[in-house]
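This report describes one protein chain, starting with a single residue and then moving to how its helices pack. Please look at the sequence and the structure before reading on.

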Amino acid sequence: MLVASVVTVVAFLAWLTVARLPWFTGVVLVALILVAVASITLAAVQPRAAVEARLLLFLGVAVTLLVAGEMQRRTLADSGDDDRAGRRWPYRITVGFALFVALACIPAAAWDFNDDGFVPSVQEIGPLPGGLAVRSAGGYSECGTGRCGVAYPLVGRPGESADQVARRMWDHLVSNGWPAPDGGRSCRPAGWLLDTRETCVEISTAEDGVRLTLEGGRPYPRFAGASSQPR
């Protein structure tokens, strides 16, 4: 919401530098507010659409400035006031800024977002069933090319074996919408439409207990073979 508010205010201030029709300025303000509301609503309705909501905001602002500038130019040109129809430098700067956002910033942001790995929050797995606990104090993380991961010790009830703990944890994850594990790993999309990254859960057992690993970043086949570095 903060980003939407800041971008909307900056865009409106940019418009004020080229505004020549007082009544039309109110229309532009309403249009920018509607764009911001649409972006915030999308993020609220679809939490995984953070990328799409941000890009909707940028694209909506750019289109609003471009359309408003052209409409004002034509209106003033039709009235015979060529000097006020868009020949001044602020108009050109505003149009250039809108085109830069639409044609450069938006594609660059989408690509960069998909290229970065991220450390998933332990909240991704939801509230744990009774008797299971994640020792967050024992977690450690690392990042490789386009992918990051964090591992936590997973403990169960006293006397419960590692296999029983892992099985109960998988039952919990599947019941909360995670795909059935394949080779001890389960992955699901982290984003909505444009964000192609994924969040994965891996549960491994050893003599010293059970380890829960969360990974976030580019889909695994693109990551396979990449070297990782401690974070």
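A residue is called exposed when its relative accessible area is over 50%, buried when that area is under 20%, and partly exposed in between. The model described here is a predicted one.

**Four residues and their surroundings**

Leu-34 is part of helix α2. With a relative accessible area of 56%, Leu-34 is over the 50% cut-off and therefore counts as exposed. Its C-alpha atom is separated by 9.8 Å from that of Leu-57, and the two residues are 23 residues apart along the chain.

Is Ala-166 buried or exposed? Its relative accessibility is 10%, so Ala-166 counts as buried. This residue is in helix α5, which covers residues 162–175. Apart from neighbours within four places in sequence, Ala-166 is in contact with Ile-203 and Thr-205. Between the C-alpha atoms of Ala-166 and Leu-132 there are 9.8 Å, while the two residues are 34 residues apart along the chain.

Arg-218 sits in the loop that lies between β6 (209–217) and α6 (220–223). Arg-218 counts as buried because its relative accessibility is 10%. When residues up to four places away in sequence are not counted, Arg-218 touches Asn-114, Asp-115, Thr-145, Gly-146, Arg-147, Arg-197 and Glu-198.

Another arginine, Arg-188, is found in strand β4 (residues 185–189). Its relative accessibility of 24% is the reason why Arg-188 counts as partly exposed. Leaving aside neighbours within four places in sequence, the contacts of Arg-188 are Glu-124, Asn-176, Gly-177, Trp-178, Pro-179, Glu-198 and Thr-199. One of these, Glu-198, is 10 residues away from Arg-188 in sequence and 5.6 Å away in space, taken from C-alpha to C-alpha. Glu-198 is also among the residues that Arg-218 touches.

**The chain as a whole**

The protein chain contains six helices and seven strands. Read from the N terminus, the order of these elements is α-α-α-α-β-β-β-α-β-β-β-α-β. The chain has 231 residues, and 36% of them count as buried. About 12800 Å² of the protein chain is exposed, and carbon and sulfur atoms supply 61% of that area. Among contacts with a separation of 6 or more, 62% are between residues 24 or more positions apart.

**How α1, α2 and α3 pack**

Helix α1 covers residues 2–16 and helix α3 covers residues 50–78, while helix α2 covers residues 22–45. The table gives the angle and the axis distance for each pair.

| Pair | Angle and axis distance |
|---|---|
| α1 and α2 | roughly 160°, within 10 Å |
| α1 and α3 | about 15°, 11 Å |
| α2 and α3 | about 165°, 8 Å |

The axes of α1 and α2 cross at roughly 160°. This makes α1 roughly antiparallel to α2, and their crossing is right-handed. On the α1 side the contact is made by Ala-4, Thr-8, Ala-11, Phe-12, Trp-15 and Leu-16, and on the α2 side by Phe-24, Thr-25, Val-28, Leu-29, Leu-32, Ile-33, Ala-36 and Ile-40. Sorted by class, this contact of α1 with α2 has 12 nonpolar residues, two polar ones and no charged ones.

The angle between α2 and α3 is about 165°. As a result, α2 is roughly antiparallel to α3, and this crossing is right-handed. From α2, the residues in contact include Phe-24, Val-28, Leu-32 and Ala-36; from α3, they include Arg-54, Leu-57, Val-61 and Ala-68. The contact of α2 with α3 has 15 nonpolar, four polar and two charged residues.

For α1 and α3 the angle is about 15°. These two helices are therefore roughly parallel to each other, and α1 passes α3 in a right-handed crossing. Val-3, Ala-4, Val-7, Thr-8, Ala-11 and Trp-15 of α1 meet Arg-54, Leu-57, Phe-58, Val-61, Leu-65, Ala-68, Gly-69 and Gln-72 of α3. By class, the contact of α1 with α3 is made up of 10 nonpolar, three polar and one charged residues.

Definitions and conventions:
Residues numbered from 1 in each chain as written. Predicted model: local features only at pLDDT ≥ 70, side-chain atom pairs only at ≥ 80, totals over all residues. Heavy atoms only, no water. Axes fitted to C-alpha atoms, helices over the stretch in contact; angles between N-to-C directions. Helix = DSSP H or I, 4+ residues; strand = E, 2+ residues; numbered from the N terminus. Parallel < 35°, antiparallel > 145°, perpendicular 65-115°, else oblique. Left-handed = near helix turned anticlockwise from the far one by under 90°. Contact = heavy atoms within 4.5 Å. Nonpolar A, V, L, I, M, F, W, Y, C, P; charged D, E, K, R; others polar. Buried < 20%, exposed > 50% of the residue type's maximum accessible area, 1.4 Å probe, protein only. Areas by Shrake-Rupley, 256 points an atom, 1.4 Å probe, with all protein chains shown as cover.
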